[in-house]
Amino acid sequence: MRATITATARYIPERVMTNFDLEKIVDTSDEWIRSRTGIETRHLVKDGEATSAMGTHVARELLEKTATSPEEVDAIIVATVTPDMMFPSTAALIQNAIGASKAWGFDLSGACSGFLYALDTGARLVESGKYQKVLVIGADTMSSILDFTDRNTCVLFGDGAGGVLLEPTEGDSGILDSILRIDGSGAPYLNMPAGGSLHPASHETVEKRMHYIRQDGKAVFKFAVKGMADISAEILERNGFQGSDLKLYIPHQANKRIIDAAAKRCGLHPDQVLININKYGNTTAGTIPIGMSEASDEGRLEPGDLVLLAAFGAGFTWGSLLLRWDHAK
Ligand code: UT7
């Protein structure tokens, strides 16, 4: 028995911030952002809207599309680095909002690879035979930890959420294989230093702007290009596939240049690669499920199609996951 995706959904907040809007806030330009990253716009939550609200939209749509009642949900896994609060988990808040009275669940912190970690974990729950309906959601409100005085980071990210419903199948479709990795020696290059147990919130941490994301972009770029390209090629090779066997490559959207390098390494044609970084920027755990949901709605995926997902992010974390598309709604 395998786990398969029976529905996809996404939630993109309405408010749009363009590169030209950012030009008015920090010393940057539309030309720099577009040429270095591929980003043109990003969407941001409105006041009072947070990660659980976006995740709840996604969860409701997944249930509606599959005519699933909330009581049928067995588990909720939420990949996020921007939970509404330290605890309780975003999964708990979503559970309550949708009335999933028989579910359990948890948040998972894998940064930009978080959705891949969550999808693989969800697949194992389903394969165990104990759980039949698992909601897997990737959601991040990056605007809540962005320093809009730091041009190195504030232009890169956006808010958004996506998710899938996982169910068992006896057929050929579903999650075929995954490779997941972590290497904490990358921690100094991309992190948010304060707000945890090492540097609890204090006047000093606020004054030193330690509650914002910090990134050594150049160092992360080098690791990301190699990490995402290698792990994408590795999973294809160990399953006996070539790039030409893929219908669609849905990579994490951190930088168009990182995606192009990984796609080139796998020998992919541009038509085989999903790109939406131009519209949403980097939504961290949101990028891959948002991409899957868009591809599905746009008719880019048919049952039986081979799909490769790949990501690289803070930790460092990285991974790839190979799946055969089902009759997903
Ligand atoms: O998803 C999580 C993982 N994160 C990533 O994968 C991100 C990986 N890194 C990147 O995508 C790229 O490194 C960035 C997009 C962050 C930066 O691009 P880059 O080509 O590596 O630029 P750089 O950091 O080498 O900076 C080049 C110049 C610098 O000026 P000097 O020192 O050459 O005078 C920066 O200060 O560009 C400057 N710069 C900017 N200029 C205008 C940095 N940010 C900006 C900006 N607008 N927003």
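Which helix holds V206? Select residues 203-207 to find out: this run is helix α7, and V206 lies in it. The model is predicted, and the stops below go from this helix to the ligand and then to the cysteines and some unusual backbone geometry.

**Stop 1: V206 and its surroundings**

Keep V206 selected and show the surface. V206 is exposed, with a relative accessible area of 54%, and the cut-off for that label is over 50%. Now add A194, which is 12 residues away from V206 along the chain. A distance drawn between the two C-alpha atoms should read 8.6 Å.

Next, move to R209, in the loop between α7 and β10 (214-215). Check its backbone torsions: phi of R209 is positive, about 55°, although the residue is not a glycine. R209 is partly exposed, at 37% relative accessible area.

**Stop 2: the ligand**

Select the ligand and expand to its shell, which should give 22 residues. The closest of these are T28, R36, K218, N255 and N282. Colour the shell by residue class to get nine nonpolar, eight polar and five charged residues.

Then colour by domain. Domain 1 (2-171) and domain 2 (176-274 + 285-324) each contribute at least three residues to the shell. By helix, at least two shell residues come from each of α2 (30-37), α6 (151-154), α8 (217-238) and α9 (256-265). Which helix gives the most to the shell? That is α8, with four residues.

Three distances from ligand oxygen atoms are worth drawing:

- To N282: an N or O atom of its side chain is 2.7 Å from a ligand oxygen.
- To G217: a polar backbone atom is 3.0 Å from a ligand oxygen.
- To R257: an N or O atom of its side chain is 3.1 Å from a ligand oxygen.

How much of the ligand's accessible area does the protein cover? On its own the ligand has 960 Å² of accessible area, and the protein covers 76% of it.

**Stop 3: the cysteines**

Select C112 and C154 and show their sulfur atoms. A search of the whole structure finds zero disulfides. C154 is in none, and the nearest cysteine sulfur to it, that of C112, is 16 Å away. A disulfide would need the two sulfur atoms within 2.5 Å, so this pair does not qualify.

Are these two residues buried or exposed? C112 is buried, with a relative accessible area of 9%. C154 also counts as buried, at 1% relative accessibility.

**Stop 4: cis peptide bonds**

Select F87 and P88 and display omega, which is about 0°: the peptide bond joining them is cis. P88 sits in the loop that runs between β4 (75-79) and α4 (90-98).

Now go to G315 and F316. A cis peptide bond joins these residues too, with omega of about 5°. F316 belongs to the loop between β12 (306-313) and β13 (317-324).

**Stop 5: T284**

Finish at T284, in the loop between α10 (277-280) and α11 (287-297). Its phi is near 55°, a positive value in a residue other than glycine. Is T284 buried or exposed? T284 counts as buried because its relative accessibility is 2%, and the label applies under 20%. For a side-by-side view, bring back R209, whose phi is also positive at about 55° but which is partly exposed.

Technical notes:
Residues numbered from 1 in each chain as written. Predicted model: local features only at pLDDT ≥ 70, side-chain atom pairs only at ≥ 80, totals over all residues. Heavy atoms only, no water. Buried < 20%, exposed > 50% of the residue type's maximum accessible area, 1.4 Å probe, protein only. Near = heavy atom within 4 Å. Polar contact = N/O pair within 3.5 Å; in protein donor to acceptor, adjacent residues only side chain to side chain. Areas by Shrake-Rupley, 256 points an atom, 1.4 Å probe, with all protein chains shown as cover. Nonpolar A, V, L, I, M, F, W, Y, C, P; charged D, E, K, R; others polar. Domains from an automatic or database assignment.
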